[in-house]
Amino acid sequence: MVTVSPKDFSDFEYSKIFAFVTLDAYDYSDLFFEKNMDISKFGDTISHQLDSSQTVYLNDLLSGRYRKPYPKADSVRAVADCFFPRHNIIFVDQNDSIVQFVSVCFECGNAKSSKEYLADMGNLKSFFNSIGLKVFDRPDLHSAHYDSLRQASIK
């Protein structure tokens, strides 16, 4: 069994943390590979600024404190290549510039990050669900849920 040694994830300067869901991940998939992303391009999202307890929980999660020991893999895992990250976390500084990010695609089970983290997909799913940014592993269910929220906010 492999055990994870927790190491503090947020050992960098930041001012705020936002978690957000893109309603149409296809519109943003090319923006998730640089720390210098332009936040203003994310117009079609539902976001949540983390409070202090959520910030502590996220740091513990990304630091590996909730990850259980797991068996060492004997073979290479097949991975889908869709990577349309709908769930995202950004750490921003005083100037609203992104200093770190984590972008997650629950459909294919992959994530991209500007910094190594130790959370597993189950941890990330629990986190997003806990702050009200519901996770779906099928795009049709994701669209139906978030489109209904968007429609309700327009009325």
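This is a short tour of the fold, the sheet and the two cysteines in this structure.

**The overall picture**

Keep in mind that you're looking at a predicted model. The protein has 155 residues, and 38% of them are buried. Its make-up is 3 helices and 5 strands. Walk along the chain from the N terminus and the elements come up as β-β-α-β-β-β-α-α. A lot of the fold is held between distant parts of the chain: among contacts with a separation of 6 or more, 68% involve residues 24 or more positions apart. On the outside, the accessible surface adds up to about 8,900 Å², and carbon and sulfur atoms contribute 48% of that.

**The sheet**

What is the order of the 5 strands in the open sheet? Reading across, the order is S2-S1-S3-S4-S5, with antiparallel pairing. Strand S2 (45–49) and strand S5 (110–113) sit at the edges, each pairing on one side only. On average, neighbouring strands in this sheet are turned by 15° against each other, if you ignore direction. Helix H1, residues 52–62, packs on the sheet and touches S1, S2 and S3. The direction of H1 makes about 110° with that of S3.

As a bit of background, strands in a sheet pair through backbone hydrogen bonds, in either a parallel or an antiparallel way. Here are three of the pairings, all antiparallel, with their bridge counts:

| Strand pair | Bridges |
|---|---|
| S1 (residues 16–22) and S3 (residues 87–92) | 6 bridges |
| S3 and S4 | 6 bridges |
| S4 and S5 | 4 bridges |

If you'd like to find these pairings on screen, some residue partners help. Between S1 and S3, look for Val21, whose bridge partner in S3 is His87. Moving on to S3 and S4, Ile90 stands opposite Phe101 in S4. For S4 and S5 there are two handy markers: Val102 stands opposite Ser113 in S5, and Val104 is across from Ala111 in S5.

**Strand S4 and its hairpins**

Is strand S4 enclosed or open to the outside? Of its 8 residues (98–105), 8 are buried, so S4 is largely enclosed by the rest of the structure.

S4 also takes part in two hairpins. The one with S3 has 5 residues between the strands, and Asp96 takes a positive phi near 60° there. The hairpin of S4 and S5 has 4 residues between the strands, and in this case Gly109 is the residue with a positive phi, near 80°.

**The cysteines**

Now for a question that often comes up at the bench: how many disulfides does the structure hold? The count is 0. Cys105 and Cys108 are worth a look all the same. The closest cysteine sulfur to that of Cys105 belongs to Cys108, at 3.5 Å. A disulfide would need the two sulfur atoms within 2.5 Å, so the 3.5 Å between Cys105 and Cys108 is too far for a bond. Seen from the other side, Cys108 is in no disulfide either, and its nearest cysteine sulfur is that of Cys105.

Are these two cysteines, Cys105 and Cys108, buried or exposed? The cut-off for buried is under 20% relative accessible area. Cys105 has 1% relative accessibility, so it counts as buried. Cys108 comes in at 9% relative accessibility, so Cys108 counts as buried too.

How values were computed
Residues are numbered from 1 along each chain as its sequence is written. This is a predicted model: local features need pLDDT of at least 70, side-chain atom pairs count only at pLDDT 80 or more; totals for chains, interfaces and linings use all residues. Side-chain values use heavy atoms; hydrogens and water are left out. Buried means under 20% relative accessible area, exposed over 50%, partly exposed in between (1.4 Å probe, protein chains only). Contact means heavy atoms within 4.5 Å. Accessible areas come from the Shrake-Rupley method with a 1.4 Å probe; for residues, only the protein chains shown count as cover. Two strands pair if DSSP finds at least two bridges between them. Axes are lines fitted to C-alpha atoms, for helices over the stretch in contact, and angles run from 0 to 180 degrees between N-to-C directions.
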